[in-house]
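Dear colleague,

I am passing on the structure we spoke about, and I would be glad if you could look through it with the notes below beside you.

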Number of protein chains: 2
Amino acid sequence: MNRIITIGREFGSGGRTIAKMTAKKLGIPVYDHELLSQIAEKSGFSKEYVAEKTEDSTWNSLIARSLSGLSSGAQIPAEDYLWRMQRQVILELAQKESCVIVGRCADYILRDKADCLRVFIYADPAKRMERIVSVYGERDLSPEKRLRDKDKRRSAFYNYHTDMVWGAVHNYHICLDSGAFGLEKCADFICSLY
Amino acid sequence: MNRIITIGREFGSGGRTIAKMTAKKLGIPVYDHELLSQIAEKSGFSKEYVAEKTEDSTWNSLIARSLSGLSSGAQIPAEDYLWRMQRQVILELAQKESCVIVGRCADYILRDKADCLRVFIYADPAKRMERIVSVYGERDLSPEKRLRDKDKRRSAFYNYHTDMVWGAVHNYHICLDSGAFGLEKCADFICSLY
């Protein structure tokens with residue numbers, strides 16, 4: 001049976017880098033932005049549109065979607081359609097090979113469907129702010145605001161689709177503070193648990 | 001400088017056993033029930049009274065205490081006095097030697113005061129119910145109710161005294177699902193991080 005590692009992560013925690021390091025150490029593929037391309041291909045939408053309507057959804061757009069879903073009857077809103085595509089892409093990946101999957105509710109989608117190690121990476125806000133400025137550069141928005149916005153979107157997307165709480169320990173097998181241990185050591189732990 | 005491991009744990013997760021295993025592997029002492037005796041000695045109260053008024057406080061008694069504090073003016077309620085004793089005992093321990101400390105908000109009390117690895121142990125309720133029945137035996141109360149009551153008391157005590165949320169990832173460096181990995185392996189991880 002394929003063995004999957006899902007990595008949920010706070011923005012700026014280095015979770016994506018840890019995922020890459022882990023996959024490299026284990027010699028298995030990692031799916032992060034690659035998922036977007038696959039969902040885009042499957043759905044016929046552009047990658048940008050998929051990004052905006054999936055993990056980057058705002059809470060407002062999710063609410064608006066619920067309301068429009070109520071009023072428009074049988075029509076399927078784009079987000080629901082994309083959620084189905086995303087679910088299908090992730091299930092197919094897990095069927096195909098052992099791999100590391102970053103974000104996108106993969107922990108929830110694969111629950112009871114695959115042999116899955118569920119990881120959550122976080123760090124204290126000061127360390128994450130430092131990291132986003134050094135990795136992604138300065139923006140007009142302050143690092144505080146960028147963190148808050150991105151985490152809010154991720155948690156809204158997760159909570160909406162899974163009915164669970166993003167970052168709550170019970171959804172994961174292990175939660176690691178990357179600021180305390182460093183990225184390399186986090187990847188080593190995850191490998192030792194695999 | 002002494003190096004301390006604090007272990008917060010859900011009831012029935014085996015956190016206390018993991019603490020003992022970890023301490024044994026590292027050759028350092030572990031403080032769990034021993035803390036109660038020390039707080040009792042320092043305060044002049046009985047161990048049973050200390051247990052009831054500290055980690056086993058009910059939310060109601062904490063509320064009642066707040067209200068009585070408001071009405072009784074300068075008098076110090078017993079729980080506040082015990083909280084100070086507990087704080088002092090834990091700070092003195094951390095000064096004295098490297099050790100493992102179980103529960104009692106030690107992670108919070110030692111924050112910024114000691115070189116501290118903060119761990120939280122949890123497991124899914126089904127596994128914890130199984131464990132409390134096998135370790136502590138059957139009781140009149142159902143295992144579900146026993147879990148709920150005990151976790152409620154621990155979280156009320158923690159949240160009340162620390163103004164943080166018990167079991168929220170940011171309070172800890174690592175959170176481990178003991179049901180997924182087993183107690184021995186959890187102790188090994190913690191040792192490898194120390």
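The notes that follow cover conventions, confidence, symmetry, open pockets, enclosed cavities and one helix.

This is a predicted model, in which local features need pLDDT of at least 70, side-chain atom pairs count only at pLDDT 80 or more, and totals for chains, interfaces and linings use all residues. Residues are numbered from 1 along each chain as its sequence is written, chains are lettered from A and ligands numbered from 1 in the order in which they are written, and side-chain values use heavy atoms, with hydrogens and water left out.

On confidence, the model scores ipTM 0.85 and pTM 0.88. Chain A averages a pLDDT (the predictor's confidence in each residue, from 0 to 100) of 87, and 89% of the residues score at least 70. Where pLDDT is low, the predicted coordinates should not be read in detail.

As for symmetry, a turn of 180° with a shift of 0.0 Å along the axis lays chain B on chain A with an RMSD of 0.0 Å, the copies being superposed by least squares on the C-alpha atoms of residues with pLDDT of at least 70 in both. The two copies are thus related as by a two-fold rotation axis. In chain B, the C-alpha nearest that axis belongs to B:Cys175, at 2.5 Å from it.

The search for empty space ran on a 1 Å grid over the protein atoms alone: a cavity is a set of points where a 1.4 Å probe fits but cannot get out, a pocket is an open set with protein on both sides within 12 Å along at least five of seven lines, and lining residues have an atom within 4 Å of a point. Grid points are joined across faces, edges and corners, and a volume is the space filled by probe spheres set on the points.

The largest pocket has a volume of about 640 Å³ and is lined by 27 residues, with B:Phe11, B:Arg16, B:Tyr136, B:Lys150 and B:Arg154 nearest its centre. Its lining takes at least two residues from each of α1 (15-26), α2 (33-43), α7 (125-136) and α8 (143-162) of chain B, helices (H or I, at least four residues) and strands (E, at least two) being DSSP runs numbered from the N terminus. The largest share, 5 residues, comes from α8(B). By class, this lining has 6 nonpolar, 6 polar and 15 charged residues, where Ala, Val, Leu, Ile, Met, Phe, Trp, Tyr, Cys and Pro count as nonpolar, Asp, Glu, Lys and Arg as charged, and the others, Gly among them, as polar.

The second largest pocket has a volume of about 440 Å³, and of the 23 residues that line it, A:Arg9, A:Arg16, A:His33, A:Tyr136 and A:Arg154 are the closest to its centre. In this pocket α1(A) gives the most to the lining, with 4 residues, and the classes are 6 nonpolar, 6 polar and 11 charged.

The count of cavities of 30 Å³ or more comes to 2. The second largest cavity holds about 70 Å³ of space, and β1(B) supplies the largest share of its lining, 4 residues.

Finally, α7(A) has 12 residues that at 1.5 Å a residue should span 16 Å (1.5 Å times one less than the number of residues), which agrees with end C-alpha atoms 16 Å apart. The helix α7(A) is followed by A:Gly137, whose phi is positive, near 85°.

With best wishes
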